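Thanks for coming, everyone. Let me put the structure up, and then I'll walk you through it.

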Amino acid sequence: MQRNLVTKKTRMNIIGSGLIQLDRFKKCSKTYVLKNDYNFIDFKQFFDYGFDMIVCKLKKMAQQSSIKFNLYLDCVYVHVVTQERRDISFKTENMLAFTNSNFENLLKKMFNKLIKEESDFVTRGSVWSLDSIDVLQLRINIVNPLTGSSYLILPDSIRNKKAVINVQNNDEKCFKYAILSKYNNQSNKSRFNNQYFKMLEKKSDLNFHCIDYPTPVKQIKIFERLNNLSVNVFSLDDTNVVFPLYMNNVESKNHFDLLLINRGETSHYCFINNFSRLISRQKTKHESKLIICKRCFTVFSNTPCKYKLWGVHG
């Protein structure tokens, strides 16, 4: 893909070294550039040079919000016959990442994608030879705010599954009410009663003084540690498909699955009381009970099968 030379010139003229942020007007989008100051002519060497810097930046950004990011690589190629110089760029697709994503693995996959795309270009147009590797761009887009606040109505497609308890709170403590919903024995579990939830809080013996209201996802680790429990948080994309937002590496005996929904600048935590029912229809049309990996959403049947992995004892 041929690049706009003026745009590239602007990137090349940035003063400084390392990963440098470009001025952008959009608050939800950030672009960083890594210039090839050491004139690497080998892609792997250039990627190794920037690897730790990019991983560090991604981890920092993901602490504030789930993100989508991609890479854009600017190079110059020379025609072996005419000596014409041409600006060529290679890019990756956007990758969705969360607070505890494995950014090292994600970035390695992206680098491999760029190397393959460059190799395909050279193979298709063998008259072009690499002259220089100029700039690597890191583009980061903020997906949604990671703070639960006031009540939001669930989308019909989620509500109809009857797998989520959505407390109709009138304050910004939806994280607390979502957690306490696990102990709620009322027939109408979505109805909010302040005195009843105070009783549940006392009965649960959980410490909620360690978090703020509204509660950012990044504070959940503190809540888990002080209460000796585990929490997973899931969210919805633009088509109401569920995806993991924050995952604990190990589920404790006292475990909670939450759904964080967003509408504009408002977010709201709910309690997932049937994870399999919530996810199964977006993964398979089978009606039988399924075992679903919460991290990768791989589906297993709970019926023994001689030749396949299955969910309970397999």
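**Salt bridges, helix faces and a surface patch**

Start with a count: the structure holds 8 salt bridges. Keep in mind that this is a predicted model. I'll take three of those pairs as we go.

The whole protein, quickly. It has 8 helices and 15 strands. Of its 314 residues, 46% are buried. Take the contacts with a separation of 6 or more: 62% of them join residues 24 or more positions apart. The accessible surface is about 17,400 Å², and carbon and sulfur atoms account for 50% of that.

Now helix H3, residues 103–124. H3 has 22 residues. From first C-alpha to last, H3 reaches 31 Å, close to the 32 Å expected at 1.5 Å a residue.

Which residues of H3 are buried? The list runs Phe103, Leu106, Leu107, Met110, Phe111, Leu114, Glu118 and Phe121. These buried residues sit on the same side of H3, because they cover an arc of only 140° around the axis. Here is the general background. Residues three or four places apart point the same way, because an α-helix has 3.6 residues a turn.

Turn H3 around. The face away from the buried side carries exposed residues: Lys109, Asn112, Lys116, Thr123 and Arg124.

H3 also has a salt bridge of its own. The side chains of Glu117 and Lys113 meet at 2.9 Å, N to O. Both residues lie in H3, 4 residues apart, about one turn of the helix. How accessible are they? Glu117 is at 23% relative accessibility, so it counts as partly exposed. Lys113 is at 37%, so it is partly exposed too.

Next, helix H6, residues 194–204. Tyr196, Phe197, Leu200 and Ser204 are its buried residues. Why do they line one face of the helix? Because, seen down the axis of H6, they fall within an arc of 95°. On the other side of H6, Gln195 and Lys202 are exposed.

What do the buried residues of H6 pack against? Their partner is helix H5, residues 174–180.

A salt bridge links these two helices as well. Glu201 pairs with Lys176, with the closest N and O atoms 3.1 Å apart. Glu201 lies in H6 and Lys176 in H5, so the pair ties together parts that are 25 residues apart in sequence. Is Lys176 buried or exposed? Lys176 is buried, because its relative accessible area is 10% and the cut-off for buried is under 20%.

One more pair. Glu84 and Arg86 meet through their side chains in a salt bridge, 3.4 Å from N to O. Glu84 is partly exposed, at 35% relative accessibility. Arg86 is partly exposed as well, with a relative accessible area of 28%. In general terms, side chains of opposite charge can pair when their charged atoms come close.

Last stop, the surface. Which residues make the nonpolar patch? Val80, Val81 and Val127 do, and the patch covers about 250 Å². Val127 is in the loop between H3 and strand E6, residues 128–145. With 33% relative accessibility, Val127 counts as partly exposed.

To recap the helices. H3 keeps its buried residues on the same side. H6 lines one face with its own, and that buried set packs against H5. Glu201 and Lys176 add a salt bridge between H6 and H5.

That's my part. Questions, please.

Definitions and conventions: Residues numbered from 1 in each chain as written. Predicted model: local features only at pLDDT ≥ 70, side-chain atom pairs only at ≥ 80, totals over all residues. Heavy atoms only, no water. Expected span 1.5 Å × (residues − 1). Buried < 20%, exposed > 50% of the residue type's maximum accessible area, 1.4 Å probe, protein only. Arc of directions from axis to C-beta. Patch = residues over 30% accessible without salt bridge, like charges linked within 9 Å, V, L, I, M, F, W, Y side chains within 5 Å. Areas by Shrake-Rupley, 256 points an atom, 1.4 Å probe, with all protein chains shown as cover. Salt bridge = Lys/Arg side-chain N within 4 Å of Asp/Glu carboxyl O. Contact = heavy atoms within 4.5 Å.
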